[in-house]
Amino acid sequence: MMQHLIVFPIVLPLIAGIMLLYQRQGLVRYKRIVSVVATVLLLAVAIGLISQAMRGEILYYALGNWQAPFGIVLVLDRLSALMLLITALLAVGAVIFACAGDDEKGSNFHGLFQWQLLGINGAFLTGDLFNLFVFFEVLLLASYALLLHGGGKARIQASVHYVVLNLAGSSLFLIAVGTLYGATGTLNMADMALRVAELPAERQGLVTAGALMLLVVFGLKAAILPLYFWLPRAYSAAPAPVAALFAIMTKVGIYAILRVYLLIFGESAGALTALEQPWVWWLGLATLIAAGVGIMAARDLKLLVAYLVLLSVGTLLVGVGMRTEQATSALLYYLIHTSLITGGLFLLAEMIGLQRGKAGTRLVKSRPMTQGKALGLLFLVGAVAVVGVPPLSGALGKALVLNAAEGAQRLWLWPTLLLVSLAALIALSRAGSTIFWRSYRGSLGGNALPRRQWFAVIWLLSAAPLMTLFAGPISSYTQATAEQLSQPQILIDTLLLDAGDAP
């Protein structure tokens, strides 16, 4: 049974999605039970997989027993197990929040939600480039429909930009995969790493072109400057549980950059080593600056949280650009923190908007809220965590990233990240004072919020104190993950040599 556990993060949401879409006009209670049970089971599977990954071994699952490099393989290492766990934690909070009423605004919410999990999990587990493209398309197709869930002019406008840009990115992805296949003769990432290392000089230009096209595609998914313009509008217009799950979507791009460029274009790639490093470093810094400007200009709480996601993208990208074990460990710790906290803030923003009536999430005066004190406390925790003020996990994550910078990198990273964080602190302080203090006199606004929404927000925001409390074990795991990523030959040997020995 345990050897088949690797395929469960794909099979579970696939079956659940089919059940839910088949009964698309069925009872709401049936849909909620199936979706929540499937998501909680996914979390249990993710915990089981990360417990296996903690042993340090790299495991793989060959579908149909067709071994690499010819068959489709799913690969489980420390990084993929970590990403599966983050996704499952986010999904539990998002689906429980949706069950408070957001899921009733459309008949296919839960089925599409499960299929988006299918695409995300598949992208984290796949061992070849073509299936990475396939799972990207699965998660994108589901996200197109989820973004439109509930309708509305703002969502339709945001979805047009989102769909057009991602369709262009998908076309470029397919061209890049075809180019690399034509130059190397393989799609398996481990096998491609071996062939790139032995590539004749006349084919290096072709591989370089394919690799840079992949960087553009992954940069679009991660929302790197200048490819980020779709993110603020799409994330702020999306339904709250969808936006919360979208918090992991940009991390799929970050994951793809780490996986492809550390494995295929790692230390053994000769002239193609560190192909993406200068681009990612400088564009990461530029993304930080753009995020700071957007944060200060935002006049809506959801839009502000969307720009906070962009801030986290810039921070993660500069960590990737440093290309050291210490930087990789730091960015992975920060990735856990920012995914869960920004997801929780999207849900919290929706709760605040529901209690403010016509004012919604706009940063203007409104009537005092019925549950303003409890919402204000949660907002304080989320704001302190996402900005990086001690003692919560955001401060530790940013301190680790800053400490990983070396030499001239510090001269660029320290002032940029600290000034942008200061801008975020000012913007969130202004937003909090406007929402919770600058209120008109009159009766309290809004009805009591459902318990499911409170549970979902607390579920995600509790990551801030818990990651501080367990910073030692989490940092040890991320450091071991960084060390494993810096030794791609282990993964190559596991997939190719073990496959060669298989019957």
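Modeller: A helix here is a DSSP run of H or I with at least four residues, numbered from the N terminus. Val 40 sits in such a run, helix H2 (residues 28-53). One caution first: this is a predicted model.

Colleague: What makes Val 40 partly exposed?

Modeller: The relative accessible area of Val 40 is 42%. Buried means under 20% and exposed means over 50%, so a value in between is called partly exposed. Val 40 therefore earns that label.

Colleague: How far apart are Val 40 and Ala 91, in sequence and in space?

Modeller: They are 51 residues apart in sequence. In space, their C-alpha atoms are 8.7 Å apart. Ala 91 belongs to the contact that H3 makes with helix H4.

Colleague: Stay with H3, then. How do you know what span to expect for helix H3?

Modeller: Helix H3 covers residues 78-98, which is 21 residues. The expected span is 1.5 Å times one less than the number of residues. That gives 30 Å for H3, and the model reaches 30 Å from first C-alpha to last. H3 is also mostly covered, with 20 of its 21 residues buried.

Colleague: Why is the packing of H3 and H4 called roughly antiparallel?

Modeller: H3 and helix H4 (residues 109-125) pack at about 170°, with axes 10 Å apart. Angles over 145 degrees count as roughly antiparallel, so H3 is roughly antiparallel to H4. The H3 side of the contact includes Ser 80, Met 83, Leu 84 and Thr 87. The H4 side includes Phe 109, His 110, Phe 113 and Leu 117. By class the contact has 12 nonpolar, 4 polar and no charged residues.

Colleague: What makes H5 roughly antiparallel to H11, or is another label right?

Modeller: Helix H5 (residues 129-147) and helix H11 (residues 249-263) pack at about 175°. Their axes are 12 Å apart. The cut-off is over 145 degrees, so H5 is roughly antiparallel to H11. H5 brings Leu 129, Phe 136, Leu 139 and Ser 143 to the contact. H11 brings Met 249, Val 252, Ala 256 and Val 260. Those residues divide into 7 nonpolar, 1 polar and no charged.

Colleague: Which residues does Leu 129 touch beyond its neighbours in sequence?

Modeller: Leaving aside neighbours within four places in sequence, the partners of Leu 129 include Phe 173, Val 177, Leu 180, Val 260 and Ile 264. Leu 129 also stands out in the largest nonpolar core, which has 183 residues. There Leu 129, Phe 218, Tyr 235 and Leu 413 touch the most other members. Helix H14 (residues 325-355) gives the largest share of this core, 17 residues.

Colleague: Ser 339 is in helix H14 too. Is Ser 339 buried or exposed?

Modeller: Buried means under 20%. Ser 339 has 0% relative accessibility, so Ser 339 counts as buried. Outside the four places either side in sequence, Ser 339 is in contact with Ile 86, Leu 90, Ala 247, Ile 248 and Lys 251.

Colleague: What is the relation of H16 to H17, and why is it called that?

Modeller: The axes of H16 and helix H17 (residues 408-436) come within 9 Å and cross at roughly 160°. That passes the cut-off of 145 degrees, so H16 is roughly antiparallel to H17. Among the residues that meet are Lys 398 and Val 401 in H16, with Arg 410 and Leu 413 in H17. The contact has 6 nonpolar, 2 polar and 2 charged residues.

Colleague: What is odd about phi at Asn 65 and Ala 223?

Modeller: Most residues other than glycine have a negative phi. Asn 65 has a positive phi of about 60°. Phi of Ala 223 is near 70°, also positive. Asn 65 lies in the loop between strand S1 (59-62) and strand S2 (73-76). Ala 223 lies in the loop between H8 and H9.

Colleague: How do you know which of Asn 65 and Ala 223 is buried and which is exposed?

Modeller: Exposed means over 50% and buried means under 20%. Asn 65 is at 52%, so it counts as exposed. Ala 223 is at 0%, so it is buried.

Colleague: Where are the cis peptide bonds at Pro 226 and Pro 391?

Modeller: One runs from Leu 225 to Pro 226, with omega near 5°. Pro 226 is in the loop between helix H8 (201-222) and helix H9 (230-237). Another joins Pro 390 and Pro 391, with omega about 10°. Pro 391 is in the loop between helix H15 (372-387) and helix H16 (393-404). Most peptide bonds are trans.

Key. Residues numbered from 1 in each chain as written. Predicted model: local features only at pLDDT ≥ 70, side-chain atom pairs only at ≥ 80, totals over all residues. Heavy atoms only, no water. Core = buried A, V, L, I, M, F, W, Y, C linked by side-chain atoms within 4.5 Å. Buried < 20%, exposed > 50% of the residue type's maximum accessible area, 1.4 Å probe, protein only. Helix = DSSP H or I, 4+ residues; strand = E, 2+ residues; numbered from the N terminus. Contact = heavy atoms within 4.5 Å. Axes fitted to C-alpha atoms, helices over the stretch in contact; angles between N-to-C directions. Parallel < 35°, antiparallel > 145°, perpendicular 65-115°, else oblique. Nonpolar A, V, L, I, M, F, W, Y, C, P; charged D, E, K, R; others polar.
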